[in-house]
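This report is a first guide to the protein shown below. Please keep the structure in view while reading.

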Amino acid sequence: MKIRLGLLFSLSLCIVFFTFSQDQAKLSITTPSTGMVVIAVTPTFHTAYGLKYPMTYQIDIPSGSSSLKALEKHQILESTWIQLTEKTSVDTFNAVEAVRFDYTNSRVYVSAAFSGASDSLFLEIVDGANNPVSIVYRGISKYYDNRKAVVTATFDDWGDWMFNEEGALIHLFRSYGIYVTGGVITWSTSRPTWQKIQAELDSGFVEIASHSRTHIATPYDTIIGTQHYTSVSEVGGSVQDIKTALNFPPLFSLNGTKYVYTWIAPYGDYDSKVDSLLGGYGYLDARLYENGSTASPREYVYGDSILHPWDNSRNHFSAFFPTLELGAPSWGGGDTSLTSLNGLFDAILAKGDVYHFMWHPQVLYPDINKSYLINHLNHISGHTNVWYVNLGHLYLYNLVQSLDANQTTLVSASRGVPEDFELFQNYPNPFNPSTNITFNLKSKSDVKIEIFNVLGQRIKNVDLGLLNAGSASQTIDLSRYATGIYFYRLNVVSGDGERFTAMKKMILLK
């Protein structure tokens with residue numbers, strides 16, 4: 001059954017193989033001290049998707065700033081900060097950690113990734129003498145490095161039968177800086193071909209997607225001749241084939257876990273059973289296919305050039321179609337008009353959307369030296385205001401960015417004397433073995449912090465004595481204690497006898 005977006009019918013099967021849901025994905029953004037931003041993420045979300053692609057954090061800096069540096073580390077006890085490579089608006093770069101200072105608009109764009117060392121990312125902006133500068137966190141850019149629009153490419157039918165053609169096309173797109181996501185039919189792939197696919201992965205710009213095991217049409221739970229096909233085998237078995245056969249690049253793996261983010265539906269067929277299984281096997285997105293419009297010049301279609309919404313009930317993004325197909329397949333729907341292709345790209349760039357083209361190797365390979373293809377690649381490549389990215393990373397970035405917009409807990413460092421007493425959420429959280437507890441004091445006060453286990457037993461008491469009004473923080477080390485939920489309580493007695501008490505929960509995860 002072929003379906004368009006929004007027409008997915010109710011699930012008749014409910015199988016959960018993958019326990020993550022977006023409800024478990026929380027970001028905590030704190031600015032605990034001058035110059036510093038701390039981004040923490042829940043361990044479940046981190047493990048589920050790796051989060052190795054750099055996110056771009058927007059930070060305001062003081063007017064008139066110059067010669068600043070951006071530093072990062074991943075654990076609170078690390079003594080060494082790493083300076084991020086500085087880029088400018090005329091540089092061409094993608095998928096790397098970097099910083100770009102926009103001194104004219106008093107803003108810095110810091111592109112940094114989580115690591116396998118912790119669930120936290122520490123960023124600091126400092127001057128030439130390494131003194132932290134006053135900053136204000138403004139959120140995650142919609143696109144990497146705050147680019148205006150996106151180019152991504154996908155292709156079908158990666159396997160033994162067309163490998164030389166696929167390899168030649170991948171090399172062509174790589175030479176133009178275009179990132180490609182290739183759908184592998186895993187049971188049509190022999191060991192020598194897996195080795196060639198590995199070489200393409202190692203050369204960069206390539207994401208591996210699943211195109212099923214056998215490339216049959218839905219429904220997958222069927223018997224054809226003597227062969228018994230199942231949805232679990234096609235959707236889940238294929239991703240396991242890929243993970244077994246290949247070593248993944250760093251951006252697609254974390255601490256030994258490999259990530260296949262993209263499902264490319266064979267024939268564009270998609271049904272409720274496939275839809276129910278994708279999230280369970282860790283897929284983020286599902287790219288469909290249909291014969292597109294043959295109108296020339298091709299018109300901008302809003303629904304085919306935007307990022308599609310997350311479906312929390314299914315734990316993946318809503319299925320979508322590419323913007324267009326390059327080439328002229330015998331079944332129709334492709335485009336080989338340079339005027340049409342360039343015009344559509346220009347329209348999408350102007351609107352700030354996603355130019356997502358796809359291709360079939362058996363169709364596009366005969367055109368590999370044709371002028372329409374070469375001239376179009378020249379037209380769409382090399383733009384410093386365009387983000388060139390694999391499809392899976394585009395949607396991974398979109399997921400984290402949407403969390404930043406909708407679910408972030410933002411705590412700002414106090415500027416001057418706070419108007420009230422306040423206790424903030426610890427950072428990082430979860431933590432191992434240390435965490436910071438930050439609080440505001442509106443007047444000079446006697447301060448104590450108590451730590452309790454889930455039985456209500458006090459396990460630690462920290463007497464900070466008299467502290468002046470302002471923002472303060474205290475590092476708590478629970479290295480002697482086991483993984484679990486703990487509570488911290490702030491007890492304040494001001495100089496004039498006013499009392500303030502507040503308690504919050506934190507998680508130690510070893």
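The sections below go from the whole chain to single elements, then to the empty spaces and two single residues.

## Overall picture

The model is predicted. The protein contains 9 helices and 32 strands. Of its 510 residues, 56% count as buried.

Many contacts link parts of the chain that are far apart in sequence. Among contacts in the protein with a separation of 6 or more, 74% are between residues 24 or more positions apart.

## Strand β8 and its partners

Strand β8 covers residues 107-112, and 5 of its 6 residues are buried, so the strand is largely enclosed by the rest of the structure. Strand β3, residues 55-60, pairs with β8 in the antiparallel sense over 6 bridges. Within this pairing, Thr 56 has Ser 111 of β8 as its bridge partner.

Strand β7, residues 98-102, also pairs with β8 in the antiparallel sense, over 5 bridges. Here Phe 101 is bridged to Val 108 of β8. β7 and β8 form a hairpin with 4 residues between the strands, and Ser 106 in this hairpin takes a positive phi near 55°.

## Helix α6

Helix α6 runs over residues 338-351, 14 residues in total. From its first C-alpha to its last it reaches 20 Å, close to the 20 Å expected at 1.5 Å a residue. Just after α6, Gly 352 takes a positive phi of about 75°.

Which residues of α6 are buried? They are Ser 340, Leu 341, Asn 342, Leu 344, Phe 345, Ile 348 and Leu 349. An α-helix has 3.6 residues a turn, so residues three or four places apart point the same way. The buried residues of α6 pack against four named strands and helices among others: these include β11 (149-158), β23, α8 (371-380) and β24 (386-388). β22 (324-325) is also packed against by the buried residues of α6.

## The largest cavity

Rolling a probe the size of a water molecule over the atoms shows where empty space is left. In this model there are 3 cavities of 30 Å³ or more. The largest cavity has a volume of about 70 Å³.

Residues that line the largest cavity include Asp 304, Ser 305, Ile 306, Leu 307 and His 308. Phe 320, Phe 321, Val 354 and His 356 are also in the lining, as are Leu 391, Leu 394 and Tyr 395. β23 (354-359) and α9 (391-406) each supply at least two of the lining residues. The largest share, 3 residues, comes from α9. By class, the lining has 8 nonpolar, 3 polar and 1 charged residues. β23 appears in two places in this report, as it is also an element against which the buried residues of α6 pack.

## The largest pocket

The largest pocket holds about 400 Å³ of space. Its lining is made of 24 residues, and those nearest its centre are Ala 117, Ser 118, Asp 119, Asn 432 and Leu 509.

α1 (43-49) and β9 (120-126) each give at least two residues to the lining of the largest pocket. Of the elements, α1 gives the most, with 3 residues. The lining of this pocket has 12 nonpolar, 11 polar and 1 charged residues.

## Two single residues

Is Leu 278 buried or exposed? Its relative accessible area is 1%, which is under the 20% limit, so Leu 278 is buried. Leu 278 lies in helix α5, residues 272-278. Leaving aside neighbours within four places in sequence, Leu 278 is in contact with Val 235, Trp 263, Tyr 270, Tyr 283, Ala 286 and His 316. Leu 278 and Val 232 are 46 residues apart in sequence, and their C-alpha atoms are 9.7 Å apart in space.

Asn 468 lies in the loop between β29 (458-467) and β30 (470-477). Its relative accessibility is 58%, and the cut-off for exposed is over 50%, so Asn 468 counts as exposed. Leaving aside neighbours within four places in sequence, Asn 468 is in contact with Leu 441 and Lys 444. The C-alpha atoms of Asn 468 and Ser 494 are separated by 9.9 Å, with the two residues 26 apart along the chain.

Note on methods
Residues numbered from 1 in each chain as written. Predicted model: local features only at pLDDT ≥ 70, side-chain atom pairs only at ≥ 80, totals over all residues. Heavy atoms only, no water. 1 Å grid on protein atoms, 1.4 Å probe; cavity = no way out; pocket = protein on both sides within 12 Å on 5 of 7 lines; lining within 4 Å. Points joined across faces, edges and corners; volume = space filled by probe spheres on them. Nonpolar A, V, L, I, M, F, W, Y, C, P; charged D, E, K, R; others polar. Expected span 1.5 Å × (residues − 1). Buried < 20%, exposed > 50% of the residue type's maximum accessible area, 1.4 Å probe, protein only. Contact = heavy atoms within 4.5 Å. Pairing = 2+ DSSP bridges.
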